[in-house]
Amino acid sequence: IAERKVDISMKKITKTLFFTLFILLSGCMFFTTYGRYYKQAERYYANNDFNKAIEYYIKSINLNLNYEKSINRFEQVVPKAFNYHYEKIKASKLITENFIEIIENYNNFFNLIKKLEKASISKSYLLHINKNIYLEYDQELQKAANFHYKKGLEFMSYTNKENYKSAYKEFVSCENYIKNYKEVEKYLKECKKNSTFNITILDLKNNSKKKYDNIGKSISNKLVSSLSNNNSFIESVDIINRKDVDIIMQQLKLSNSGLIDSPTTELGKLKDIDHIIKGEINTVIINEPKKTTARTRIKNNENNSTKYTQKNNRLEAFVSLEVYLEILDVETSEIINSKTFQSELVNIEEWEERGFHNDKGNTLFENLIATIAINSLLDTRKSRAHFSSDEMLNQVIDDINIKMKNYLIKFYE
């Protein structure tokens, strides 16, 4: 009887499993890619993310052109998506001079239309497009372009470099909305010409060790080179050749470190220089590579004799550099900005060595061979050539150069 009951129960379970499987297979959505896309679209639809929902309904329909669930839902979601975009456009217009958001909302709506056109599932979406939407868009472009155009003219009226630079940015914004708007091309050229800063970078004065007298010139040369290769920087800044400046400095009988108000102004007039960038090396700390060794005798457990001597070696070096930089306005002889830059580098190498003792009657040659063999295994350094302080100094200079370059790029943005 018990066996019969088990048999009946197993038959019921089998029937239930077959019935469940049949239901799932009849729905198909769980076993097809287009079904899974439909379910994903439904989740986006439930969260009112209509754009994403449309994207996945389209994917589902493209895989099965007769899948009614996706087709019907697609027709329902399109008008809801259009209304969503219309409301976003309307809300953004309530904020004064909110042109970036307004135009972005229009473009998002137009991108949706392009997506629907490309899908070619149905043309019913055409019934929901506001007939005046493109005219309204053109009007907003006109408003935005005109706003930035007038702002540009306003900045130009102040006739100084900073305002010419601001005007240039406004005219660029104007062009982003409408190309060749009114006389914007002419004003862009005028603003670019009048907003360019002419600068020269002098060799840094070295107040540190005499051994590194040329470091000031090296840092200045690297700074000029890195800035000259930066496209965004040279768009608004012209670096005057320092050789030309040196000739004038000699004519005025000045040294790079001896600028005074009157000759500095004269220098600016002769070369039409707006700013002079000069500075000093405050400190150069260079701790040459120094090796230290700690020796430990390792005992033999059998007879307590010295098995070998272990040497723990450490090679350490330290380099630090501090540079002060200032931007001098030639017309007023005032320091308009300044900053101190610091960089340091520590290099440490550690390795072990072992020296074998003649405690087992080995010959001197045998102990030497053993020592060389074991030390070659223990030395995990990538290279036996030790780092030099000059190499470290060059790395620190490169780091300082990057910091100064970024500082000047940001200042002249």
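In the predicted model, strands β1 and β3 pair in the parallel sense over three bridges. Strand β3 covers residues 237–239. Within this pairing, N198 stands opposite D238 of β3.

Strand β1 also pairs with β4. This second pairing is again parallel and runs over three bridges. Here T200 of β1 stands opposite I276 in β4.

Strand β1 spans residues 197–201. Five of its five residues are buried, so the strand is largely enclosed by the rest of the structure. The burial extends to both faces. F197, I199 and I201 lie on one side, and each is buried. N198 and T200 lie on the other side and are buried as well.

H275 belongs to strand β4, which comprises residues 275–299. Its relative accessibility is 5%. H275 therefore counts as buried, because the cut-off for burial is under 20% relative accessible area.

The surroundings of H275 were examined next, with neighbours within four places in sequence left aside. H275 is in contact with F197, N198, I199 and T200, residues that are themselves buried in β1. Other contacts of H275 include I327, L328, D329 and V330. I336 is also in contact with H275, as are F411 and Y412. With Y412 there is a polar contact. It joins the side chain of H275 to the side chain of Y412 at 2.8 Å.

Methods:
Residues are numbered from 1 along each chain as its sequence is written. This is a predicted model: local features need pLDDT of at least 70, side-chain atom pairs count only at pLDDT 80 or more; totals for chains, interfaces and linings use all residues. Side-chain values use heavy atoms; hydrogens and water are left out. Helices (H or I, at least four residues) and strands (E, at least two) are DSSP runs, numbered from the N terminus. Buried means under 20% relative accessible area, exposed over 50%, partly exposed in between (1.4 Å probe, protein chains only). A polar contact is a pair of N or O atoms within 3.5 Å; within protein, one must be able to donate a hydrogen and the other to accept it, and residues adjacent in sequence count only if both atoms are side-chain atoms. Contact means heavy atoms within 4.5 Å. Two strands pair if DSSP finds at least two bridges between them.
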